[in-house]
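This report goes through the chain shown below, topic by topic. It begins with annotated spans and then turns to cores, surface, charged pairs and backbone.

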Amino acid sequence: MYPVNIISILFQLIGALGFLLYGMKMMSDGIQKSAGKSLHRILGMMTGNRFSAMLTGMFITMIIQSSGATTVMVVSFVNAGLLTLTQSVGVIFGANIGTTVTAWIVAFFGFNFKISAVAIPVFGIGYILTVIKKLQKQNIGEALMGFGLLFLGLDLLSKTIPTLDANNIQFLTAFTDKGTLSVLIGIAAGMIITVLLHSSSASTAIILTMSYNRLLPWEFAAAMVLGSNIGSTIDAVIAAFGTKVNARRAALVHVLFNVTGTVIAALLLHPLLALVDRLVPGPVEANITFHIAMLHTVFNVLNTLLFLPFTTQIASLTEVLIKPKKDETPDVYRLDFMETGAKENAAAYVIRAEKEIADMTGVVTKMFDRIEFGFAHRTSEFIETQMESLAKEEDYADQMQEQLSKFLVHCSQLPVSDKLRNNVSIMLRIVDDLESMTDDCYSVALLLRRSIEKDMTFAEEDIERLHPYIDLAHRFLSFIRENINKHLSEEQLTIAQDLEDQIDVFRKNLKKVARKRLESGADVKSELLYIDLVRNIEKIGDRAFSISEALAQTQ
């Protein structure tokens, strides 16, 4: 074949792919616009049921014809806190099944009749709907135009590929009879094509067309289909850049699911192909498109059935693999109580709650560190670098209190000993005190911000007097963090009492000095704000002593 002809065919392929990809995008966008609110509402109403999550992901992907769009939607929903990480696992599994519909559409209609006879009229109808504004069917019209372009691209693809021969794609055909190496190269080729096209549906259509025209043997085409499943994760990975920790974990779920499933399928490729041969009647050569469509479906269904029982464990694995970035707190806290009915698990639930309480103590400490920064740098820098984080952490602590309290109530209803039930009751009290401490920290931060914004001035000696007072509160917090979930001895409780007494003495002295300054004509607003700062820090000490007393009562 002459170079000019090769270049001509190459441009025709690029044009056909352009129609195919743009048509898919238009169709997906149009459907999402027309049914977007309903689809979002369906996702937003998801429950913890893994089966309903899977069916939802499958249903949405079948409608919008894009697993990439579904997984990107899932990542964004997890990022916004509308879906939990565990719920997202089931939706992603379902999306992989839903995307197999495209292969069946191509197998049934792509090669059995003149597509352009339908594609062009459908495009025309869609265009009319977009132009006539009174009909208010622009989104449906866009979807129809996309549908028409998609099939027009498929028609062009099916006409262009037969003009190729094995020599033109020698970089692939040279490796189709190398045994295991062929499978690996096929998987890599399918993955690369899908990554480049950003669409497993488009790459599957190409594989179907090439196989239909006898350019790819059955086993190599099957390997490429498996590889396309790995490549399809690219959209979720890209969507996860710059998102919160759970959104990144949701993207990792998609990668782990597809990569692990592909590895297992590659190891069991011959039994898998034999199963497909049994399900599809007739010789492979005569029904290659249906064999590929069936392979795509069987692979994703079996993969989902294999991993669906382990959605919670998969979510936990991603939490281990992807840790929050420095100073990153997830916006939405979730602590689900999953009772198995086994009596021996009661203590395990309490241990889990203790771990969460330790984490909540860490949130309090982090917030106090931020307000310490505010006292040391009472400038706009504090507002710019700390206030947003403080607000998020305070909100997160509120969620922790709600979820942990529910969890502990469930624990108290389990068949546990009186000793353990008493400890659970004490833990509830500690959770309340910790949440109150975050409220106090945020109140101090708001007072600091007001003093900066109003340009209030304090005497240098007044700020100096605050430093040992704040340091005492910090020492008390450190004491609580070191001993959280432990029984306090009488000696340790005495240490806590001593810290509490010292904070009280400081508070009285600082308030007395502030009142004297007020009587001598000092700025009223500044002095009242100073007194409020002193009082809120003293509240933190009170909560810390309350927690100390609670810990001393544990058994």
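## Annotated spans

UniProt positions are given here in the numbering of this chain, with shortened feature names, and such annotations may be inferred rather than shown by experiment. The model itself is predicted. An unreviewed UniProt entry places the feature "transmembrane region" at residues 6–24, 51–83, 103–131, 181–208, 220–243, 255–276 and 288–310.

Two of these spans can be described from the coordinates. Residues 255–276 are 95% helix and 0% strand, with 25 Å between the end C-alpha atoms. For residues 288–310 the figures are 87% helix and 0% strand, and the end C-alpha atoms are 34 Å apart.

## Nonpolar cores

The largest nonpolar core has 66 residues, and I430, L466 and F476 touch the most other members. Six helices give two or more residues each to this core: α17 (346–376), α18 (380–412), α19, α20, α21 and α22 (524–553). Helix α19 supplies the largest share, 13 residues. Separate from this is a second core of 39 residues, which includes A222, A265, V280 and A293.

Which residues does F476 touch, leaving aside those up to four places away in sequence? They are A496, L499, E500, I503, G541, A544, F545 and S548.

## A buried serine in α22

S546 is located in helix α22. Its relative accessibility is 17%, so S546 counts as buried, the limit being under 20%. Beyond residues up to four places away in sequence, S546 is in contact with R429 and D433.

## Nonpolar surface patch

On the surface, V259, V263, I264, L267, L268 and L306 make up a nonpolar patch, with a joint accessible area of about 530 Å². Helix α13 (residues 245–267) contributes the largest share of the patch, four residues.

Another member, L268, sits in the loop between α13 and α14 (269–279). Is L268 buried or partly exposed? L268 is partly exposed, because its relative accessible area is 49%.

## Salt bridges

The whole structure contains 10 salt bridges. One of them joins R370 and E393, whose closest N and O atoms are 2.8 Å apart. R370 is in helix α17 and E393 in helix α18, 23 residues apart, so this pair links distant parts of the chain. Both partners are buried: R370 has a relative accessible area of 8%, and E393 has one of 2%.

E538 and R507 form another salt bridge, with 3.5 Å between the closest N and O atoms. This pair also links distant parts of the chain, with E538 in helix α22 and R507 in helix α21, 31 residues apart. E538 counts as buried at 10% relative accessibility, as does R507 at 18%.

The salt bridge between K392 and E388 has its closest N and O atoms 3.5 Å apart. K392 and E388 are separated by about one helical turn because they are four residues apart in helix α18. K392 is partly exposed, at 40% relative accessibility, whereas E388 is exposed, with a relative accessible area of 56%. Elsewhere, K355, E356 and D359 are linked in a network of salt bridges.

## Backbone with positive phi

Most residues other than glycine have a negative phi. Two residues described here have positive values. D455 is not a glycine, yet its phi is near 55°. Where is D455 placed? D455 is in the loop between α19 (418–453) and α20 (460–483). D455 counts as exposed because its relative accessible area is 64%, the limit being over 50%.

N485 is the other case, with a positive phi of about 70° although this residue is not a glycine. N485 lies in the loop between α20 and α21 (490–519). Its relative accessible area is 29%, so N485 is partly exposed.

Note on methods:
Residues are numbered from 1 along each chain as its sequence is written. This is a predicted model: local features need pLDDT of at least 70, side-chain atom pairs count only at pLDDT 80 or more; totals for chains, interfaces and linings use all residues. Side-chain values use heavy atoms; hydrogens and water are left out. Buried means under 20% relative accessible area, exposed over 50%, partly exposed in between (1.4 Å probe, protein chains only). A nonpolar core is a set of buried Ala, Val, Leu, Ile, Met, Phe, Trp, Tyr and Cys residues joined through side-chain atoms within 4.5 Å. Contact means heavy atoms within 4.5 Å. Patches are made of residues with over 30% relative accessible area and no salt bridge: like charges are joined within 9 Å, nonpolar side chains (Val, Leu, Ile, Met, Phe, Trp, Tyr) within 5 Å. Accessible areas come from the Shrake-Rupley method with a 1.4 Å probe; for residues, only the protein chains shown count as cover. A salt bridge is a side-chain nitrogen of Lys or Arg within 4 Å of a carboxyl oxygen of Asp or Glu.
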